[in-house]
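Student: I should like to go through the assignments in this structure one by one. Please set each value against its criterion before drawing a conclusion.

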Amino acid sequence: MHPIEASNYVIPTAAMERWFNAVRSWSGTNVLGGITPGRPRLGKSFAIRFLVDHHRNWFHGDVSVVSMEVVPHRMTSEKMFFGDALRTMGYPTTKADPEARRNLFVGRLVDGASQSARRSIIVIVDEGQNLDSFTLSLLSAVHNELVRNHKITCKWLIVGQEELGTIRQTLLAEGKRQLVARFMRGTLEFGGLCAKDDFGYCVACYDIMRYPEKHGPTYTEYYAPAAVAGGYLIESDAQLILETLQEQAAANGISPCNELSMEGFISVMNHLMIHQLPKLGVNQHLDVAMVRESVEAADWIGLEQEAFLADEARLS
């Protein structure tokens with residue numbers, strides 16, 4: 001299945017690159033833990049996936065990077081927590097014993113660190129707003145074992161929604177300063193897709209990325225072969241797409257539309273690729289009606305309104 005149809009690809013934005021560089025700089029400090037809070041749908045999970053897949057581009061084999069996700073439960077347990085961690089890392093287990101699951105989790109981190117030149121690993125914890133003092137204590141014990149028994153340097157980067165800042169304050173109020181110092185000492189900012197600076201570049205990525213990789217057609221060519229044969233690039237329609245999004249945002253009370261959610265951008269581009277580009281012939285371009293149809297079908301307004309309301313709540 002094409003990555004567009006599976007929606008399992010990542011567009012690297014300038015915000016992502018700034019975050020990757022911040023992670024690299026932070027990894028060279030003595031700070032063991034940091035947080036990246038941000039409103040929903042900015043693209044944090046996209047960035048995590050991209051960094052895990054391409055971390056050698058930033059760390060050159062000196063440091064390994066893995067990710068896990070914290071799954072919310074009404075009441076969690078050691079067994080559930082490590083089972084979820086292993087599953088979201090891609091290593092589900094049927095073992096029922098909590099200690100066995102914990103040992104498997106530690107083993108995966110040891111394996112990852114052993115593949116780096118410095119026996120060093122960064123563990124990115126996604127959906128970190130679901131952590132609490134109990135689950136952080138479980139990770140703290142894992143950290144101690146990695147350092148003491150396996151001589152591994154381990155850093156933790158907790159990524160999640162803006163509640164992460166509240167969790168840090170709650171832990172401090174409860175006297176859990178050791179947990180804050182270990183996991184939440186630094187803050188690495190993450191932003192959305194900047195409409196002014198990033199949009200054209202992100203659209204142009206569809207004219208560059210290929211499927212199959214390296215030797216297949218570009219994403220644009222795959223869906224608009226006749227148009228591309230005549231010289232078409234979807235980058236040439238980037239300004240039209242952006243202006244239509246801004247028009248729709250303003251019409252629905254989302255203004256100013258300076259920072260777009262990655263989820264909304266991907267949803268609109270997927271619909272344009274699958275449903276609009278095949279209609280293009282030689283010397284043809286997208287038009288406003290096509291873009292508006294994709295904006296509506298992708299529920300872009302709904303996605304951006306959710307992000308906008310989250311911003312309003314934060315600023316109020």
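Student: What makes Lys155 count as lying over the face of Trp26?

Tutor: A charge sits over a ring if NZ of Lys or CZ of Arg is within 6 Å of the ring centre and within 35 degrees of the ring normal. Lys155 lies over the face of Trp26 at 5.7 Å from the ring centre. Arg108 has such a place over Tyr91, at 3.7 Å from the ring centre. This is a predicted model, in which local features need pLDDT of at least 70 and side-chain atom pairs count only at pLDDT 80 or more, while totals for chains, interfaces and linings use all residues. Residues are numbered from 1 along each chain as its sequence is written, and side-chain values use heavy atoms, with hydrogens and water left out.

Student: Why is strand 4 said to be largely enclosed by the rest of the structure?

Tutor: A residue is buried under 20% relative accessible area, exposed over 50% and partly exposed in between, with a 1.4 Å probe and protein chains only. Seven of the eight residues of strand 4 (residues 153-160) are buried, so the strand is largely enclosed. Helices (H or I, at least four residues) and strands (E, at least two) are DSSP runs, numbered from the N terminus.

Student: How do you know that strand 4 pairs with strand 1 and with strand 3?

Tutor: Two strands pair if DSSP finds at least two bridges between them. Strand 1 (residues 33-37) is joined to strand 4 by five bridges, and strand 3 (residues 120-126) by six; both pairings are parallel. On the strand 1 side, Pro37 stands opposite Gly160. On the strand 3 side, Ser120 has Thr153 as its bridge partner, and Ile124 stands opposite Leu157.

Student: What makes strand 2 and strand 5 the edges of the sheet?

Tutor: The open sheet has five strands in the order 2-3-4-1-5, with parallel pairing. Strand 2 (64-69) and strand 5 (186-187) each have a single partner strand, so one side of each is left without a neighbour in the sheet.

Student: Why is the β-α-β unit of strand 3, helix 7 and strand 4 called right-handed?

Tutor: A crossover is right-handed if, with the strands pointing away from the viewer, the path from the first strand over the helix to the second runs clockwise. The unit made by strand 3, helix 7 (residues 133-150) and strand 4 is assigned as right-handed.

Student: Why is the pair of Tyr9 and Tyr206 called edge-to-face?

Tutor: The structure holds 14 aromatic pairs. Rings of Phe, Tyr and Trp (its six-membered ring) pair if their centres lie within 6.5 Å; planes under 30 degrees apart count as stacked, over 60 as edge-to-face and the rest as tilted. Tyr9 and Tyr206 are 5.8 Å apart centre to centre, with 80° between the planes, and are therefore edge-to-face. Tyr9 lies in the loop between helix 1 (3-6) and helix 2 (14-27) and Tyr206 in the loop between helix 10 (199-204) and helix 11 (219-223), so the pair ties together parts 197 residues apart in sequence. Tyr9 is buried at 4% relative accessible area, and Tyr206 is buried at 0%.

Student: What makes the pair of Phe82 and Phe105 tilted?

Tutor: The centres of Phe82 and Phe105 are 5.4 Å apart and the planes meet at 45°, so the pair falls between the stacked and edge-to-face ranges. Phe82 is in helix 5 (residues 78-89) and Phe105 in helix 6 (residues 98-114), 23 residues apart.

Student: Which residues touch the most other members of the largest nonpolar core?

Tutor: A nonpolar core is a set of buried Ala, Val, Leu, Ile, Met, Phe, Trp, Tyr and Cys residues joined through side-chain atoms within 4.5 Å. The largest has 63 residues, among which Trp19, Phe199, Tyr206 and Phe265 touch the most other members. Helix 14 gives the most to this core, with seven residues.

Student: How do you know that Arg41 is partly exposed but Asn283 exposed?

Tutor: Arg41 has a relative accessible area of 26%, and is therefore partly exposed, whereas Asn283, at 69%, counts as exposed. Phi is positive in both, near 75° for Arg41 and near 65° for Asn283.
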